[in-house]
Amino acid sequence: MRAARLIRMVLLLQSRPSMTGAELARELEVSERTVARDVLSLSEAGVPVYADRGRAGGYRLIGGYRTRLTGLGRSEAEALFLSGVPAALRDMGLADAASAARLKVSAALLPELRDAADGAAQRFHLDAPAWYREPATPELLPAVADAVWDDRRIATRYRRKDTEVERELEPYGLVLKAGVWYLAARAGTEPGADMRVYRVDRFTSVTPLDDRFTRGPDFDLPAFWAERAAQFARSILRDAVVVRLTPDGARHLRHVTDRAGAEEALAAAGEPDEQGRITVTLPVESLDVAYSQLLGLGPEAEVLAPPELRERFAAAAGRMQGLYGR
């Protein structure tokens, strides 16, 4: 533990002109007294750390000293590619590896390029979770992530409605969608077994097995996820409603309902009437969902069918008239 901290201190000093004791203590999560002891140990080991005294003082390397301890380990290199998603790194237990990787990259750069990482971080940030929801990190996510990195088969228990099922899985990849973690995995060991998607927060146990699996060379996680996400979106659109839309309603339809379903409905619409309105048949998850969504269009949408949904909108319009027509 201390050896790793000393190496990290050298990398920090190598990547910056100088650092105060307080800055080093904060980066290394130790006290300033520990920093002073570590600097003394480095000096005794032949690392030329110089201490500037006074209020503006600090520590720096002298004589153009460069450590050769900049080679990235496998886990550090993998974590570096995820460094734009800090919350995801933390959830998977890779935050320390990413921090070490960034330090090594910074230490290897020319002095005039060392602020590149900070410059990028101040200009671009990916905030994965959805609004108005505090994402919960699945307890078993680090175990699943380890198996994904290692191509190691896992024995799992998975909560499905009111029951639990046991599965042996080949975990291919993890996806973070709107703050929810999903695992793409092949179920079973039979050749050609289906690739399925599991919510990580529904695993109740994950046990790594002794054997590894051979990853299919043609598997493409982004393409697989895009296809499954589109299939899922289509599968939940089990109902349909007929709606007459004004030009404004047509423009905003994709913002209040399923985007793909809205675009398909608009593409299939006939010619506008004399008032510029078009009539579409819109696929929806349910009539209740359609009611909630289409209310957002207000007078820009008129529900024509089914009759029971039109009656709900007529009743809502009457109540609105009662509120605003006084």
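Student: Taking a salt bridge to be a side-chain nitrogen of Lys or Arg within 4 Å of a carboxyl oxygen of Asp or Glu, how many salt bridges does a search of the whole structure find?
Tutor: This is a predicted model, in which local features need pLDDT of at least 70 and side-chain atom pairs count only at pLDDT 80 or more, while totals for chains, interfaces and linings use all residues. Residues are numbered from 1 along each chain as its sequence is written, and side-chain values use heavy atoms, with hydrogens and water left out. When the whole structure is searched, the number of salt bridges found is 18.

Student: At what N to O distance do the side chains of aspartate 52 and arginine 60 meet, and are these residues buried, partly exposed or exposed?
Tutor: Buried means under 20% relative accessible area and exposed means over 50%, with partly exposed in between (1.4 Å probe, protein chains only). Aspartate 52 counts as partly exposed because its relative accessibility is 27%, and arginine 60 is also placed in the partly exposed class, at 29%. The side chains of aspartate 52 and arginine 60 form a salt bridge, and its N to O distance is 3.1 Å.

Student: Which residue meets arginine 157 in a salt bridge, and is that partner buried or exposed?
Tutor: The side chain of arginine 157 has its partner at an N to O distance of 2.7 Å, and arginine 157 itself is partly exposed because its relative accessible area is 30%. The partner has a relative accessible area of 56%, which means that it is exposed. The residue that meets arginine 157 is glutamate 166.

Student: Why does the pair of arginine 244 and glutamate 302 tie together parts of the chain, and how many residues apart are those parts in sequence?
Tutor: The side chains of arginine 244 and glutamate 302 meet in a salt bridge of 2.9 Å, N to O. Helices (H or I, at least four residues) and strands (E, at least two) are DSSP runs, numbered from the N terminus. Because arginine 244 belongs to strand E8 (residues 239-245) and glutamate 302 to strand E10 (residues 301-305), the pair ties together parts whose separation in sequence is 58 residues.

Student: Which residues do salt bridges with shared partners join into one network around Arg244 and Glu302?
Tutor: Arginine 244 is partly exposed because its relative accessible area is 23%, and glutamate 302, at 27% relative accessibility, likewise counts as partly exposed. Salt bridges that share partners join these two residues with others into one network, whose members are Arg244, Asp273, Arg277, Glu302 and Arg310.

Student: What separation do the C-alpha atoms of arginine 234 and glutamate 285 have?
Tutor: Arginine 234 is part of helix H9, and it is exposed because its relative accessible area is 52%. Glutamate 285 is 51 residues away from arginine 234 along the chain. Between the C-alpha atoms of arginine 234 and glutamate 285 the separation is 9.1 Å.

Student: Is phenylalanine 203 buried or exposed, and what distance separates its C-alpha atom from that of proline 138?
Tutor: Phenylalanine 203 sits in strand E7 (residues 203-212), and its relative accessible area of 6% means that it is buried. Although phenylalanine 203 and proline 138 are 65 residues apart along the chain, the separation of their C-alpha atoms is 8.6 Å.

Student: Which two residues does a cis peptide bond join, with omega of about 5°?
Tutor: Proline 306, one of the two residues, belongs to the loop between E10 and H13. The peptide bond in question is cis, with omega of about 5°, and the residues that it joins are alanine 305 and proline 306.

Student: What is the phi of glutamate 29, and where in the chain is this residue placed?
Tutor: Glutamate 29 occupies the loop between helix H2 (21-28) and helix H3 (32-44), and it counts as exposed because its relative accessibility is 73%. It is not a glycine, and yet its phi is positive, at about 60°.

Student: What value is phi near in lysine 161, and is this residue buried or exposed?
Tutor: Lysine 161 is in the loop between E3 and strand E4 (163-177). Its relative accessibility of 81% means that lysine 161 counts as exposed. Lysine 161 is a residue other than glycine with a positive phi, the value of which is near 55°.
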